[in-house]
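Q: Can we go through this structure together? I'd like to take it piece by piece.

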Amino acid sequence: MPSTQRTILTAVAWPYANGPRHIGHVSGFGVPSDVFSRYQRMAGNRVLMVSGTDEHGTPILVQADKEGVTARELADRYNRVIAEDLKSLGLAYDLFTRTTTRNHYAVVQEMFKGLHDNGYIFAKTTMGAISPSTGRTLPDRYIEGTCPICGYDGARGDQCDNCGNQLDPDRLINPRSRINGETPKFIETEQFFLDLPSFAAVLGGWLQEQKTWRPNVLKFSLNLLDDLQPRAISRDLDWGVPVPLEGWVDRPDKKLYVWFDAVVGYLSASVEWARRTGDPDAWRAFWQVGPNGEAPDAYYFMGKDNIVFHSEIWPAMLLGYDGRGDKGGTAGSLGELSLPHEVVSSEFLTMEGRKFSSSRAVVIYVRDFLSRYDADALRYYITAAGPETQDTDFTWSEFLRRNNDELVAGWGNLVNRAISMAAKNLGEIPAPGELTAEDEALLATARGAFQTVGDLLDRCRFKAALAEAMRVVADANKYVSDHEPWKLAKTDPARMATVLHVTLQVVDDAKTLLTPFLPFSSEKVFHLLGGEGTWSAMPELREVEDLDGGPGYPVLTGDYQAALARWESTPIAVGRALQPPTPIFKKLDPSIVDEELARLGGETA
Ligand SMILES: [Zn+2]
């Protein structure tokens, strides 16, 4: 247990609401951030975990056009689908909201105004591609044509996949829109830019101080500083947050660029959470240094394709808002805001050797997965075999093996045989007799794991933490096999009671150690051991009103403080009645591998 309570913001990447999310998405941002937050809450720290769906930008407009619905209708649909899926996975957000709330618009516009007032946003006229039929910006990757360098006919506006050169869309020969085939129009258009070069020095100094980040994240972030360019933050679109300046705010054809509003989501969701608790200033503890110098720690979780936004662009926006770039300035009405403490990036997950692809059906959506398998089985796989530090391939045969050999035959079997033997022979949790050196050693291993596993979780080394927790399970299984309590029932009932007491204590400890990873089955074990109340709190989906008069929407939230889980070994309750257990995991038939592979589209690797 930490000697002083820490205040921790868990800022989780915002899933884009143009479709349902697949297991590759949730392995990058979802499960790791929840494991981390659950541990920190159990360790007695104050946690605020926020995120939501990212709902502006061109891909949502394109998808909505394709389906013949409005962007808002599409966003409404997938906001709900994604929130329900994250709930089913047990991701314990304090608030999972969305970017189309009025609160979000107001906080985004405040960030823009603060940056603008301090001189870090400027307007510039550039050449841009628009769709002649809609007047909307046609992003580079939505334009294709013939490469001016190699002659390849499928080159995109941002690069040619054949020769690998970076391109500008107006250099393409015979450019056309990938959305509807029309020829884009290149026009002079005025856009706003974030002056990133003004932050090169301060960002460099800040990054150099980071000693705990994953090395790949730090190296990538430092490399970005070599070529900082101003970055466009507005677009010719009719779907997004209005530019909050006179002469701009009412323009239907100009909105803030989707990435600019999405990164502000961490802050706006914190503000929304505070407003919903009835203490509108409660967010400040998670974003600002307090009156006595107490500082919050913000951990950002994402896939590696989003590192640039979290280690460079969002920090630059925070620094600029506070007036800490080359041009100075003063903090806006929100006050000085803290930079990320840790940028926790995952690598990529592939599926049976191929990239996830919705269009080629190389995919399994979270919802489909959870309709056939338990959430803990997926959480276990993602943590034990997911892309924490390197690109990783999801295979159904490995999923089957992990589930059957490790969860069912390892942890599930330990729970089952310890509780059923005690229930059958004694009907209750027995008192121990005199402990042998081996009894003491196993109990000490389990108690000691709270320190080792906790340290690893605190450093976001989830895979190693899970391995250490499962080592306790393996030791306990070996102890049961070595001591054969089922034989002691007739020969030495007193010794049997002691062995079962020790085993049940270690089952209880292992249940606690595994709670951040396996919250659903840990809850079951808690009750199998006679516990009452809620051990491991789950998020709930709640329908809420928009705080500022917009349309209502669902949020994920929960009362996590009420849960009993604490990161410590507690003595089991001797004399508490035990019932024969029901299995905590489902053993899977090997035929699921072929069934699942048959569901994948195209050729399997
Ligand atoms: Zn080319």
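**Working chat: helices, a metal site and some odd residues**

Q: Which residues of helix 11 are buried?
A: The buried residues of helix 11 are Ala375, Asp376, Ala377, Leu378, Arg379, Tyr380, Tyr381, Ile382, Thr383, Ala384 and Ala385. Keep in mind that this is a predicted model.

Q: How many of the residues of helix 11 is that?
A: It is 11 of the 11 residues, and helix 11 runs over residues 375-385. So helix 11 is largely enclosed by the rest of the structure.

Q: New topic: the metal. What coordinates the zinc ion?
A: Four cysteines do, each through its SG atom: Cys147, Cys150, Cys160 and Cys163. They sit at 2.3 Å from the zinc ion.

Q: What geometry does the site of the zinc ion have?
A: The site is tetrahedral. The angles among the four donor atoms are 104 to 115°.

Q: How are the donor residues spaced in sequence?
A: The pattern is C-x2-C-x9-C-x2-C.

Q: Where do Cys150 and Cys163 sit along the chain?
A: Cys150 is in the loop between strand 5 (143-146) and strand 6 (155-156). Cys163 is in the loop between strand 6 and strand 7 (173-177). The two are 13 residues apart, and the pair links distant parts of the chain.

Q: Why is Cys150 called partly exposed?
A: Its relative accessibility is 34%. Partly exposed covers values between the 20% and 50% cut-offs, so Cys150 falls in that class. Cys163 is also partly exposed, with a relative accessible area of 31%.

Q: Okay, helix packing. What angle do helix 5 and helix 9 make?
A: They pack at about 115°, with their axes 10 Å apart. Helix 5 covers residues 200-208, and helix 9 covers residues 307-322.

Q: Is the crossing of helix 5 and helix 9 left-handed or right-handed?
A: Right-handed.

Q: Which residues meet there?
A: Helix 5 brings Val202, Leu203, Trp206 and Leu207. Helix 9 brings Ser311, Glu312, Pro315, Ala316 and Leu319. By class, the contact has seven nonpolar residues, one polar and one charged.

Q: And helix 12 with helix 18: what angle do they pack at?
A: About 150°, with axes 9 Å apart. Their crossing is right-handed. From helix 12, the contact uses Trp396, Ser397, Phe399 and Leu400. From helix 18, it uses Ile592, Val593, Glu596 and Leu597. Six residues of this contact are nonpolar, one is polar and one is charged.

Q: Is Glu596 buried or exposed?
A: Buried, with a relative accessible area of 3%. Buried means under 20%, so Glu596 qualifies. Glu596 belongs to helix 18, residues 591-599.

Q: What is Glu596 in contact with?
A: Ile364, Arg372, Tyr373 and Trp396, leaving aside neighbours within four places in sequence.

Q: Back to helix 12. What is Gly410 in contact with?
A: Asp405, Val473 and Asn477, again without neighbours within four places. Gly410 lies in helix 12 and is buried, at 13% relative accessible area.

Q: How many residues separate Gly410 and Asn477 along the chain?
A: They are 67 residues apart along the chain. In space, their C-alpha atoms are separated by 7.5 Å.

Q: Now Val217. What does it touch?
A: Val217 touches Ile307, Val343 and Ser345, not counting residues up to four places away in sequence. Val217 lies in helix 6, residues 215-224. At 0% relative accessibility, Val217 is buried.

Q: Last topic: backbone angles. What is the phi of Glu352?
A: It is positive, about 50°, although Glu352 is not a glycine. Most residues other than glycine have a negative phi. Glu352 is in the loop between strand 14 (349-351) and helix 10 (366-372). At 14% relative accessibility, Glu352 is buried.

Q: And what is the phi of Glu484?
A: About 40°, also positive, and Glu484 is not a glycine. Glu484 is found in the loop between helix 14 (462-483) and helix 15 (485-491).

Q: Is Glu484 buried or partly exposed?
A: Partly exposed, at 27% relative accessibility.

Technical notes:
Residues are numbered from 1 along each chain as its sequence is written. This is a predicted model: local features need pLDDT of at least 70, side-chain atom pairs count only at pLDDT 80 or more; totals for chains, interfaces and linings use all residues. Side-chain values use heavy atoms; hydrogens and water are left out. Donors are N, O and S atoms within 2.8 Å of the metal (3.2 Å for Na, K and Ca); water is not among the atoms, so sites may look incomplete. Four donors count as tetrahedral if all angles lie between 85 and 135 degrees; four count as square planar and six as octahedral if opposite donors are over 155 degrees apart and all others between 65 and 115; anything else is irregular. Helices (H or I, at least four residues) and strands (E, at least two) are DSSP runs, numbered from the N terminus. Buried means under 20% relative accessible area, exposed over 50%, partly exposed in between (1.4 Å probe, protein chains only). Axes are lines fitted to C-alpha atoms, for helices over the stretch in contact, and angles run from 0 to 180 degrees between N-to-C directions. A crossing is left-handed if the near helix is turned anticlockwise from the far one by less than a right angle, and right-handed if clockwise. Contact means heavy atoms within 4.5 Å. Ala, Val, Leu, Ile, Met, Phe, Trp, Tyr, Cys and Pro count as nonpolar, Asp, Glu, Lys and Arg as charged, and the others, Gly among them, as polar.
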